[in-house]
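Biologist: I am new to reading protein models, and I would like to learn how each label is earned. Could we go through this one together?

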Amino acid sequence: MFGDDNRAPTHSQFSFRVSVLGVFALIAFAAIFFRLWFVEVLSGEEYLREANANRVREIPIQAPRGRILDANKHVLVGNRTILALQVRPEKLPKRADERKKVLKKLSDVADMPYDKIKREIREQTKLLPASPVTLEQKVDPELVLYLRERQDEFPGVTAEQVFVRDYPDGSLGAQLFGYVSEVSADQLEEPAYADLNPGDRVGATGLESQYDNILRGRNGAVRVQVDATGNPSGPEQSRVEPLAGDNLVLTVDEKVEKTGQRAIESWGAGNPGAFVAMSVDDGSILGMGSYPSYDPNVYTPPVSTSAIKALTNDEAKPLLNRAIQAGYPTGSTFKLITATAGLEENLITPDEIVDDPGCYELSETDKFCNAGEVVNGPINMTDALRVSSDVYFYKLGTELENDTDEGLQKWASSYGFGSLTGIDLPGEGAGLLPTPEWRNELYAKAADPDSCSGTKRDYTNCGETDRKWSVGDNINLAVGQGDLSATPLQLAVAYAALGNGGDVVRPHLADHAEDAEGQVTQEIEPAPQRHIDIDPQVRSVIMEGLREAAMEPTGTSYPVFGGFPVDIAGKTGTAEKGLLPDQSWYAALAPADDPKYVVVTTIENGGFGAETAAPAAREILSQLLDIKGGQIDNVSGEVHSD
């Protein structure tokens with residue numbers, strides 16, 4: 001009655017099962033056969049190429065960067081080769097114990113503490129993530145041979161001859177030349193760096209960055225056969241030689257650069273400062289520097305995290321190029337602009353007499369005085385520039401404020417204040433030329449409760465103001481005070497425009513590029529930014545006032561330039577900076593009768609312009625004009641107010 005579930009399957013059921021298994025086996029065999037056919041027939045050549053590629057390694061050959069030379073072809077930035085002991089962290093053993101074993105053994109043979117090796121790997125990998133870690137330079141050749149003979153015992157350890165940047169004069173012109181660093185991941189995405197690989201080095205700051213496309217060469221490569229461990233096992237298969245970068249020849253004179261750096265450092269007595277020496281005709285920079293400076297060799301491998309961090313955090317800001325990035329009130333050197341505006345706007349004539357009783361009372365509460373309330377009496381424009389009468393220019397600033405065309409700001413802008421000079425350096429600052437619109441806009445923001453975060457109003461932090469523009473702002477601007485902020489280079493460009501008759505030059509450091517054989521590959525001749533129309537009589541009056549300020553006994557800088565063998569036209573400046581000591585300025589054109597050079601010096605906390613900035617300028621002018629004995633030990637005689 002009941003079926004037997006344990007009985008054997010019938011013949012038909014067994015046949016069916018065998019058929020199903022057969023189908024599956026046939027499908028599997030077909031898949032395997034098709035894959036083998038695909039690999040052997042369709043993709044055979046591709047896999048052959050890949051196999052060959054595994055036996056061939058392409059080793060890059062570093063191209064040296066072009067050198068940076070001064071106008072006389074003296075090397076300012078060059079290259080040197082080093083035999084460097086290096087570690088490539090990515091090629092070290094992955095297991096911690098094996099990695100430690102390799103580094104311990106390296107420590108013994110290289111006579112280098114194990115902890116130092118670990119620290120260098122950690123710090124340099126953080127700074128230069130794609131570059132090999134340089135443990136030591138100038139490696140003993142016997143150590144190199146030892147490591148190469150036992151490469152299988154030291155995976156990831158090499159001794160390579162590499163090019164590194166060399167700055168023979170250390171800190172001289174460091175802010176101008178800049179330094180190089182490893183190309184970043186973001187830069188590798190840019191078309192300009194398309195031919196580079198991680199670990200390659202490019203210009204990071206200064207001229208190294210500005211002219212990186214000229215200075216950077218093109219790397220070469222050699223293809224060699226390697227064994228299973230990755231070591232060369234056969235002759236070279238091909239070679240592409242590296243192409244060195246072109247040399248960059250500057251307009252800078254190394255002697256002028258050294259003189260200027262020494263002058264602002266010595267006369268500044270440790271205070272920060274800057275200088276500019278430039279051709280008035282075409283804007284060629286003959287010397288430019290900032291103090292304090294730094295030694296860019298610190299960025300040459302092996303780099304030190306602690307050294308770079310200390311440099312970056314230094315309160316003296318040695319990385320700052322004060323000649324083009326630091327904005328200051330210019331003091332009386334700005335009177336050149338006020339004089340031009342007053343004469344060109346017909347608000348005063350050259351011979352018009354203005355009484356200077358020592359102070360100018362705008363109202364019962366607003367009183368503006370000369371330094372020390374010095375009384376100059378009846379004076380004209382030339383006299384006012386010679387003795388640097390503030391009262392004369394206070395009154396002129398009032399007249400210019402009443403001029404609805406904002407003549408003072410218009411002329412200051414034409415001379416280049418408040419805008420970039422266009423120098424061939426990255427990071428230039430534009431400064432600030434204060435105007436009624438600028439201040440009134442800030443005042444309007446201050447009235448907006450949502451314009452500044454926080455419950456307590458802090459106008460300094462918010463960048464706002466609690467008052468509108470007033471005539472007092474223009475009076476302060478007329479003598480280079482108040483909210484005015486200008487760089488030494490902007491002032492040099494303004495004085496150059498007066499010296500050359502109205503061309504606002506575009507300053508530049510580079511003259512041309514040339515290849516290793518000295519053949520010029522690129523000329524660098526920037527055209528002037530614009531021309532401003534200065535009446536020849538106006539220019540003559542101002543130039544005479546500046547000449548008398550330097551060369552006549554009653555001039556503000558006569559104690560410095562009296563007896564100087566070449567007449568110059570110069571102006572002192574003493575800028576007040578709140579509770580800080582005054583800033584010292586000097587601006588000079590030389591020779592006075594036919595200016596070829598402009599020199600501007602400034603020293604923070606330097607006091608009167610004639611006390612520190614003017615003597616520094618004299619030393620630079622002596623070098624430019626090839627005057628022997630240009631250095632002076634001290635400033636004697638009366639120092640007039642400015």
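Modeller: Gladly! Let us begin with a definition: a salt bridge is a side-chain nitrogen of Lys or Arg within 4 Å of a carboxyl oxygen of Asp or Glu. Please keep in mind that this is a predicted model.

Biologist: What makes Arg-386 and Glu-548 a salt bridge?

Modeller: Their closest N and O atoms are 3.0 Å apart. The cut-off is within 4 Å, so the pair earns the name. Arg-386 belongs to helix 14 (residues 381-387) and Glu-548 to helix 21 (residues 536-551), so this contact ties together parts that are 162 residues apart in sequence.

Biologist: Are Arg-386 and Glu-548 buried or exposed?

Modeller: Both Arg-386 and Glu-548 are buried.

Biologist: What makes Glu-241 and Arg-239 a salt bridge?

Modeller: The same kind of check works here. From N to O the distance is 3.7 Å, and the limit is within 4 Å, so Glu-241 and Arg-239 count as well. Arg-239 has 40% relative accessibility and is called partly exposed, because that label covers values between the 20% limit for buried and the 50% limit for exposed.

Biologist: How do you know that Asp-473 is buried, and what is Arg-467?

Modeller: Asp-473 has a relative accessible area of 9%. Buried means under 20%, so Asp-473 qualifies. Arg-467, at 35%, is partly exposed. These two side chains also form a salt bridge, with their closest N and O atoms 2.8 Å apart.

Biologist: How many salt bridges does the structure hold?

Modeller: It holds 27 salt bridges. Some join up: Arg-65, Arg-165, Asp-195, Glu-208, Asp-212 and Arg-216 are linked in a network.

Biologist: Why is the link of Cys-359 and Cys-369 called a disulfide?

Modeller: A disulfide is a covalent bond between the sulfur atoms of two cysteines. In the model, the S to S distance for Cys-359 and Cys-369 is 1.9 Å. The rule asks for sulfur atoms within 2.5 Å, so this pair passes. By that rule the count comes to one disulfide.

Biologist: Which parts does the disulfide tie together?

Modeller: Cys-359 lies in strand 14 (residues 359-361) and Cys-369 in strand 15 (residues 367-369), so the parts joined are 10 residues apart in sequence. The link is right-handed, with 105 degrees about the S-S bond.

Biologist: Why do Cys-359 and Cys-369 get their accessibility labels?

Modeller: Cys-359 has a relative accessible area of 14%, and buried means under 20%, so Cys-359 is buried. Cys-369 comes to 22%, which falls between the 20% and 50% limits, so Cys-369 is partly exposed.

Biologist: Why is the pair of Tyr-392 and Phe-393 called edge-to-face?

Modeller: A pair of aromatic rings is described by the distance of the centres and the angle of the planes. For Tyr-392 and Phe-393 the centres are 5.1 Å apart, and pairing needs them within 6.5 Å, so the rings pair. Their planes stand at 65 degrees, and over 60 counts as edge-to-face, so that is the label. Tyr-392 is buried at 1%, and Phe-393 is buried at 0%.

Biologist: How many aromatic pairs are found in the whole structure?

Modeller: The search finds nine aromatic pairs. Ring pairs also link Tyr-179, Tyr-294 and Tyr-299 into a cluster.

Biologist: How do you know that strand 21 and strand 22 pair?

Modeller: Strand 21 and strand 22 (residues 580-590) share eight bridges in the antiparallel sense. Pairing needs at least two bridges, so these strands pair. One of the bridges joins Thr-574 to Ser-584 in strand 22. The two strands form a hairpin with two residues between them, and Gly-578 in the turn has a positive phi of about 65 degrees.

Biologist: What about strand 22 and strand 23?

Modeller: Strand 22 and strand 23 (residues 597-603) pair over seven bridges, again antiparallel, and form a hairpin with six residues between them. Strand 22 is mostly covered, with eight of its 11 residues buried.

Biologist: What makes strand 12 and strand 21 the edges of the sheet?

Modeller: Five strands form an open antiparallel sheet in the order 12-11-23-22-21. Strand 12 (285-291) and strand 21 (569-577) each have a single partner strand, so one side of each is left without a neighbour in the sheet. From one strand to the next, the twist averages 10 degrees.

Conventions:
Residues are numbered from 1 along each chain as its sequence is written. This is a predicted model: local features need pLDDT of at least 70, side-chain atom pairs count only at pLDDT 80 or more; totals for chains, interfaces and linings use all residues. Side-chain values use heavy atoms; hydrogens and water are left out. Helices (H or I, at least four residues) and strands (E, at least two) are DSSP runs, numbered from the N terminus. Buried means under 20% relative accessible area, exposed over 50%, partly exposed in between (1.4 Å probe, protein chains only). Axes are lines fitted to C-alpha atoms, for helices over the stretch in contact, and angles run from 0 to 180 degrees between N-to-C directions. Rings of Phe, Tyr and Trp (its six-membered ring) pair if their centres lie within 6.5 Å; planes under 30 degrees apart count as stacked, over 60 as edge-to-face and the rest as tilted.
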